[in-house]
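My notebook is open and I'm going to look up one helix and a few strands. Here is what I'm working from.

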Amino acid sequence: MGNKNFIKRSIFKEKISELKSKKFSFEINRIELPNGHEGEYGYIKHPGAALAVPITKDNKVIILRQYRFAVSRYLLEFPAGTLEIGETPINSIQREIQEETGFSANKWDELGTLVPAPGYADEEIYLFLARDLNKLNSEVKGDLDEDIEVLILEPDELDNLISSGDEILDAKTVTAWFRAKQLLDKL
C-alpha cells in the first residue's frame, strides 16, 4: 500500500537479549541503521493484529468499551485482536468480531494498515470495514482477560464522543473510523 521506495532496512548484527510474554516479546539487538550508525536498540516484537469497524444493516456503529490493564481504565475501541500463528488478518478479525461483539459480517473491505507505535514496536494493525452484519445466537464471551461492553451508536454519536473528549479512545480506533468514513462516503 505504501511507497516501497521509502523502505530502508536496518542490518541485524546480533541479538543481545529477549524477554518473551504470551503475545509478544521485547528484544534488544545490535543493528546498523540505514544511515550507517550501529548501536543497541530495544523494541517490542509483535505478531501483528487486525481490527474491524462494524457497521450494522441500519448504518449504526458497533464499538466496545473495554478495560485495559496497562492504563487502568476503560477505553472505547473497535473489535481487534492479535494474529495467531499462521492466521491471516481477515481470518483473525472474522473470529474476533464474533467473539467480542456477537455479530458476523457478510461484507469486508480493507482499510489499509496502521503502525501504532513505530518508536518502540514493530506491530502492524490491518484495518477492515465489516458490513452487512448478522446477530449471532451465541453469548459474547471474549477472552478471560477481556472486560467488554458492546455499544451500538449512530455515526454522529461516535463523532461527538471523539470530538468531545468525554470518552477515551485509542489511536487505532480513531484512525480506523476516519478511514471507514472515507470509504462509506463513496458507497
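**Helix H1 and its surroundings**

I checked the length of helix H1 (residues 89–101) to start: at 1.5 Å a residue its 13 residues should span 18 Å, and its end C-alpha atoms are 18 Å apart, which agrees. The expected span is 1.5 Å times one less than the number of residues. Helices (H or I, at least four residues) and strands (E, at least two) are DSSP runs, numbered from the N terminus.

A note to self: this is a predicted model, where local features need pLDDT of at least 70 and side-chain atom pairs count only at pLDDT 80 or more, while totals for chains, interfaces and linings use all residues. Residues are numbered from 1 along each chain as its sequence is written, and side-chain values use heavy atoms, with hydrogens and water left out.

Next I looked up which residues of H1 are buried (under 20% relative accessible area, 1.4 Å probe, protein chains only). I found Pro89, Ser92, Ile93, Glu96, Ile97, Glu100 and Thr101. Seen down the axis of H1, they fall within an arc of 125° (taken from the directions from the helix axis to the C-beta atoms), so they line one face of the helix.

What covers these buried residues? I noted strands S4 (49–54), S5 (61–68) and S8 (103–114) among the elements that do.

Then I picked Ser92, which is in H1. Ser92 counts as buried because its relative accessibility is 0%. Leaving aside neighbours within four places in sequence, Ser92 is in contact (heavy atoms within 4.5 Å) with Ala50, Gly81, Thr82, Leu83 and Glu87.

Last, I saw that Gly102 follows H1 and has a positive phi, near 80°.

Methods: Buried means under 20% relative accessible area, exposed over 50%, partly exposed in between (1.4 Å probe, protein chains only).
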